[in-house]
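Here's a walk through one chain, with an eye on what is packed where and which charged side chains pair up. Have the viewer open as you read.

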Amino acid sequence: MTDTVSSPENTPQAQRPPINWPGALVLLLTPIAALILVPTYLWTHHVGMATWIVFALFLAWNGLGITAGYHRLWAHRTYEATWIVRFFLMIGGTMAIQNSVLFWASGHRTHHQHVDHVDRDPYSAKRGFWYSHIGWMLRNYPSGEANYKNAPDLLNDRMVMFQHNYYIPLVLITNIALPALVGWAIGDVWGVLILGGLLRLVISHHVTFFINSLAHMFGSQPYTDENTARDNPWLAFVTWGEGYHNFHHIFQYDYRNGVKWWQFDPTKWLILGLSKFKLTYNLKRIPTLTILHAEVAMKFKRAEANISTAVSSYGHDMQHDIESVRHHFKHEYEAFSHTIHEWTKLKEQAFLLKKAEVSQKIHDVDMRLKADLHLIEQRFHEHAERLESALRGIRFVKSAG
């Protein structure tokens, strides 16, 4: 299989790509330096509250520069922003030392286009944790080579190209000159350089890399199982809301990752909050019913898999119960499909006619269909519980026998 042939672990040493020395030095030496300098400085110096506040602010600026800037603004174009917001996010992203907007966003678009492909996805999770987390940046793998054919919009963006052309000077300014200046202002130059510079950089690196690795390995798949991406609320807490990765991979053009109101997504809140002041605009959202469609379809798919497993495991012992549950699932899925079909027709009608009275009708029917879909979802859950109850019953009978 291609996976086996292309896996780095199975690649002979002589055939491995050359080491990416700039990337390898930054990614391997900064953690070592942090392990030595941070505890030494904390042991020998009193670090004031101002230094820790600067560390927290730089960490947030750095993180949101990647999530709200590099990722949701430039890579996916999920919203638009004024120049001041774009400049602020560009500086924060530069501070993260994850290459230029152009390189990062272009590579990320390639990741979405070829997700999980062991030869084409730059950080395919199918090549293992180490590779997807950091290994893909330590060597010049062909899948990670710059190819900007998928980013003509970025090539025509003057701010993006300014950062790309002057990336190294900007990195030095944001990671050395800026922390030193702020440290001088609060009276702790070395404290800000070590904590707000070095420690902040190492933390932000690996927090971001967790999305390429852990978010493709641990969590749930409520929307699709066609790729390895997973929703992981624990990762969302440390990645500024990026942990809802299963949603993101099926709905990549939505400015939200945590689409539920209760999901932790500070990047979404920042973008939405700025829109209230006209600093961000044209925020893209996937329709609620489209999202529900994906959720219910996955529930039905899992229900069918559970029923098939039950049939193969227990056979005629519970054939009647299984077929009864299957019948109910089928009935609900047909009702679900009919509702979606009706909704789709109404949307098409609104698009074609574009009349005020039709729009009002669409809104009214939309509300009813949402309620219908929630009822269908509840019945799916009830049928799933019935199936599990039947399985527990037959397991008990078999164990007692």
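The notes below go from the overall picture to helices, surface and salt bridges.

## The model at a glance

First things first: this is a predicted model. The average pLDDT over the chain is 86, and 76% of the residues reach at least 70. The start of the chain is where to be careful, since residues 1-14 stay under a pLDDT of 50. For that stretch the model has 17 contacts beyond four places in sequence.

Overall, you're looking at 16 helices and two strands. The chain has 401 residues, and 48% of them count as buried. Its accessible surface adds up to about 21000 Å², with 64% of that belonging to carbon and sulfur atoms. If you take the contacts with a separation of 6 or more, 70% are between residues 24 or more positions apart.

## Annotated spans

The unreviewed UniProt entry carries the annotation "transmembrane region" for residues 20-43, 50-71, 83-105, 166-186 and 192-211. How do two of these spans look in the model? Residues 166-186 are 95% helix and 0% strand, and the C-alpha atoms at the ends sit 29 Å apart. Residues 192-211 come out as 100% helix and 0% strand, with 27 Å between the end C-alpha atoms.

## An enclosed helix and its neighbours

Which parts of the chain do the buried residues of α6 pack against? They pack against α2 and α10. Helix α6 covers residues 129-138, and eight of its 10 residues are buried, so the rest of the structure largely encloses it. The buried set is Tyr 131, Ser 132, His 133, Ile 134, Gly 135, Trp 136, Met 137 and Leu 138.

For a closer look at α10 (residues 189-212), pick Val 202, which lies in that helix. Val 202 has a relative accessible area of 14%, so it counts as buried. Leaving out neighbours within four places in sequence, Val 202 is in contact with Thr 30, Pro 31 and Ala 34. Pro 31 is 171 residues away from Val 202 along the chain, yet their C-alpha atoms are separated by 6.0 Å.

## A nonpolar patch on the surface

Now turn to the outside. Ile 19, Trp 21, Leu 25, Leu 29, Ile 32, Leu 35, Ile 36 and Leu 37 form a nonpolar surface patch, and together they offer about 810 Å² of accessible area.

Leu 37 makes a handy example from that patch. Its place is in helix α2, which runs over residues 21-44. Is Leu 37 buried or partly exposed? Leu 37 counts as partly exposed because its relative accessibility is 39%.

## Salt bridges across the chain

Side chains of opposite charge can pair when their charged atoms come close. This structure holds 10 salt bridges. One of them joins Arg 72 and Asp 265, with 3.1 Å between the closest N and O atoms. Arg 72 is in helix α3 (residues 49-75) and Asp 265 is in the loop between α12 (245-250) and α13 (266-275), so the pair ties together parts 193 residues apart in sequence. Both ends are tucked away: Arg 72 is buried at 1% relative accessibility, and Asp 265 is buried at 0%.

Asp 153 and Arg 77 make another salt bridge, the closest N and O atoms being 2.9 Å apart. Here helix α7 (residues 152-155) holds Asp 153, while Arg 77 lies in the loop between α3 and β1 (80-81), so this pair ties together parts 76 residues apart in sequence. Asp 153 is partly exposed at 28% relative accessibility, and Arg 77 is partly exposed at 26%. Then there's Lys 260 with Glu 295, where the closest N and O atoms are 3.1 Å apart. That pair links distant parts of the chain, with Lys 260 in the loop between α12 and α13 and Glu 295 in helix α14 (residues 288-314), 35 residues apart. Lys 260 counts as partly exposed at 25% relative accessibility, whereas Glu 295 is buried at 9%. Finally, salt bridges with shared partners join Arg 77, Arg 86, Arg 109, Asp 153 and Asp 157 into one network.

Conventions. Residues numbered from 1 in each chain as written. Predicted model: local features only at pLDDT ≥ 70, side-chain atom pairs only at ≥ 80, totals over all residues. Heavy atoms only, no water. Patch = residues over 30% accessible without salt bridge, like charges linked within 9 Å, V, L, I, M, F, W, Y side chains within 5 Å. Areas by Shrake-Rupley, 256 points an atom, 1.4 Å probe, with all protein chains shown as cover. Salt bridge = Lys/Arg side-chain N within 4 Å of Asp/Glu carboxyl O. Helix = DSSP H or I, 4+ residues; strand = E, 2+ residues; numbered from the N terminus. Buried < 20%, exposed > 50% of the residue type's maximum accessible area, 1.4 Å probe, protein only. UniProt positions renumbered as here; feature names shortened; annotations may be inferred. Contact = heavy atoms within 4.5 Å. pLDDT = per-residue confidence, 0-100.
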